[in-house]
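Here's a quick look at charge pairing in this model, with a short detour into one of its helices. Keep the structure open as you read.

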Amino acid sequence: MNAEYGEDDEAEEAEHEEADATKDQAADTASGELQDAVQVSDDLAAEFEIQQLCADLKYIREEYIQINSLERGDRTKLEKLNPRIALRTMGLIGSGNRFYESEGRLSSHALAGRIKRALIEIKEPGLPFEDWQNLLESFSEKNRLGQEL
């Protein structure tokens with residue numbers, strides 16, 4: 001009788017281990033699905049923000065042209081760019097560019113470099129306002145925030 005009892009215990013223990021493994025697998029699957037859902041949500045939010053920037057591009061571009069005192073030829077170059085390339089050039093998508101250049105005028109050479117870099121980097125989507133600290137600093141600088149007038 002003891003032999004039968006021992007075999008039953010082993011079978012029951014094996015069933016519990018199998019059930020635990022199934023639960024762990026289900027938990028891992030659920031966790032992965034949740035992470036995927038969060039990533040999709042983040043991607044959708046970023047895409048929505050980019051679409052909003054594209055919708056406002058005319059006004060954003062005019063502000064950029066004015067604030068950086070672009071020459072007519074440079075204005076035309078900026079206006080002819082694909083919206084995402086233009087936003088990257090102006091520093092609103094991805095990182096590395098400032099919206100406002102503190103020198104007061106963005107030279108043709110500097111703008112051409114930004115456009116070239118944006119064309120290369122567009123293969124990697126970049127996030128809207130990825131370089132937000134740089135944007136905030138340039139805004140503060142332009143508006144003389146934190147400085148005595």
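Searching the whole structure turns up 2 salt bridges. Keep in mind that this is a predicted model. As background, oppositely charged side chains can pair up when their charged atoms come close.

Start with Glu47 and Arg84, whose side chains meet in a salt bridge at 2.5 Å, N to O. Glu47 sits in helix α1 (residues 2-55) and Arg84 in helix α4 (residues 83-89), so this pair ties together parts that are 37 residues apart in sequence.

The other pair is Lys77 with Asp74, where the closest N and O atoms are 3.8 Å apart. Here both partners belong to helix α3 (residues 72-80), and they are 3 residues apart, about one turn of the helix.

How do the four residues sit relative to the surface? Buried or exposed, or partly so? Here's the rundown:

| Residue | Relative accessibility | Class |
|---|---|---|
| Glu47 | 30% | partly exposed |
| Arg84 | 28% | partly exposed |
| Lys77 | 42% | partly exposed |
| Asp74 | 3% | buried |

Asp74 counts as buried because its 3% falls under the 20% cut-off. Its partner Lys77, at 42%, is partly exposed.

Now for the detour: which residues of helix α2 (residues 57-67) are buried? They are Leu57, Ile60, Arg61, Tyr64, Ile65 and Ile67. So the buried set includes a charged residue, Arg61, alongside residues such as Leu57 and Ile60. After α2 comes Ser69, which has a positive phi, near 50 degrees.

Definitions and conventions: Residues are numbered from 1 along each chain as its sequence is written. This is a predicted model: local features need pLDDT of at least 70, side-chain atom pairs count only at pLDDT 80 or more; totals for chains, interfaces and linings use all residues. Side-chain values use heavy atoms; hydrogens and water are left out. Buried means under 20% relative accessible area, exposed over 50%, partly exposed in between (1.4 Å probe, protein chains only). Helices (H or I, at least four residues) and strands (E, at least two) are DSSP runs, numbered from the N terminus. A salt bridge is a side-chain nitrogen of Lys or Arg within 4 Å of a carboxyl oxygen of Asp or Glu.
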